[in-house]
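Student: Could we go through this one together? I'd like to know what sits behind the labels people put on it.

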Amino acid sequence: MAKSMKLAGLKSVENAHDESVWTATWVPATNSRPPLLLTGSLDETVKLWRPDELELVRTNTGHCLGVVSVAAHPSGVIAASASLDSLVRVFDVDTNATIATLEAPPSEVWQMQFDPKGTTLAVAGGGSASIKLWDTATWRLVATLSVPRPEGPKPSDKSSSKKFVLSVAWSPDGRRLACGSIDGTISIFDVPHAKFLHHLEGHYMPVRSLVFSPEPDGRKLYSASDDGHVYVYDAEGKAIIGAMSGHSSWVLSVDVSPDGEAIATGSSDKTVRLWDFKMRAAIQTMSNHTDQVWAVAFRPGGGGRLASVSDDKSISLYHCS
């Protein structure tokens, strides 16, 4: 049996931001620099950090409310940040020049992610119950993928608010998009045909984070929910193929290691957990943080790193082996 991954604390930065740190992602390396960690905070700033010292490279300002999401283009050259002001700022990672400012009122902006080829930015549209797709060549809005409303006999049912879209994830081949809603529904779309395919059922509370497994398991989708569970779905076949429980509170974030072997989660129970999918079990619990953990992110490519950020204003970096 293959040995399971292990985490070891490498570095923590206290007061990395002035307020809660809500979001984090890795910017891929370019020819001229290593990968960088990108974080966003309630303090309205976005920060870039150099591994492994977590040395601050730059602080970006420009949002007038807390930063709820950050995303990095697969080239590592550009990135995007989104705030509660419903504006997305697209910027050059190395110069901080603003490349575009995106808004699609009255749609809000929650999680966002560039597709694997880097041609499209998908944005979870909150109360618009949709995903907005932006073309990265022109920065035009090219599609709106709407979550179908359930047909029900009760017109009084405020179903639209329940389809509030919080999270979004691309499949590794870029042909599928998944989004998670406040009512626990996960919706799958066929992107080339801009078509809704089906819902994935199982969660009954907000799904704040989704991630597809890398190839060759690209149909496998991991979800994190306030109901305390991580579900594993066959996104094409609509089936739950696994469930992982152990957090004592909301699961706020999930990510999968680049080799697809391990899953990390962050929770409002203040822990980061590492899971082995084959064992359907948590193999390690890290208690570095003193408040809820809003994001966990494995560094893409090799080098085995995981980062976590928290309401405690800190960043933790772990070595994965």
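Tutor: Sure, here are a few labels and the values behind them, keeping in mind that this is a predicted model.

Student: Why is the pair of Tyr 222 and Phe 277 called edge-to-face?

Tutor: The ring centres are 6.2 Å apart, and rings pair if their centres lie within 6.5 Å. The planes stand at 85°, and over 60 counts as edge-to-face, so that's the label the pair gets. It is one of four aromatic pairs in the whole structure.

Student: What makes this pair a link between distant parts of the chain?

Tutor: Tyr 222 is in strand 19, while Phe 277 is in the loop between strand 24 and strand 25, 55 residues apart. Both Tyr 222 and Phe 277 are buried.

Student: And how do you know whether Tyr 231 and Tyr 233 are buried or exposed?

Tutor: Buried means under 20% relative accessible area. Tyr 231 has 13%, so it counts as buried; Tyr 233 has 0%, so it is buried too. Their rings also form an edge-to-face pair, because the centres are 6.1 Å apart and the planes are at 85°.

Student: What makes strand 6 and strand 9 edge strands?

Tutor: Each pairs on one side only. They belong to an open, antiparallel sheet of four strands in the order 6-7-8-9.

Student: How do you know that strand 7 and strand 8 pair?

Tutor: Pairing takes at least two bridges, and strand 7 and strand 8 have five, in the antiparallel sense. Within that pairing, Ala 79 stands opposite Phe 91.

Technical notes
Residues are numbered from 1 along each chain as its sequence is written. This is a predicted model: local features need pLDDT of at least 70, side-chain atom pairs count only at pLDDT 80 or more; totals for chains, interfaces and linings use all residues. Side-chain values use heavy atoms; hydrogens and water are left out. Helices (H or I, at least four residues) and strands (E, at least two) are DSSP runs, numbered from the N terminus. Rings of Phe, Tyr and Trp (its six-membered ring) pair if their centres lie within 6.5 Å; planes under 30 degrees apart count as stacked, over 60 as edge-to-face and the rest as tilted. Buried means under 20% relative accessible area, exposed over 50%, partly exposed in between (1.4 Å probe, protein chains only).
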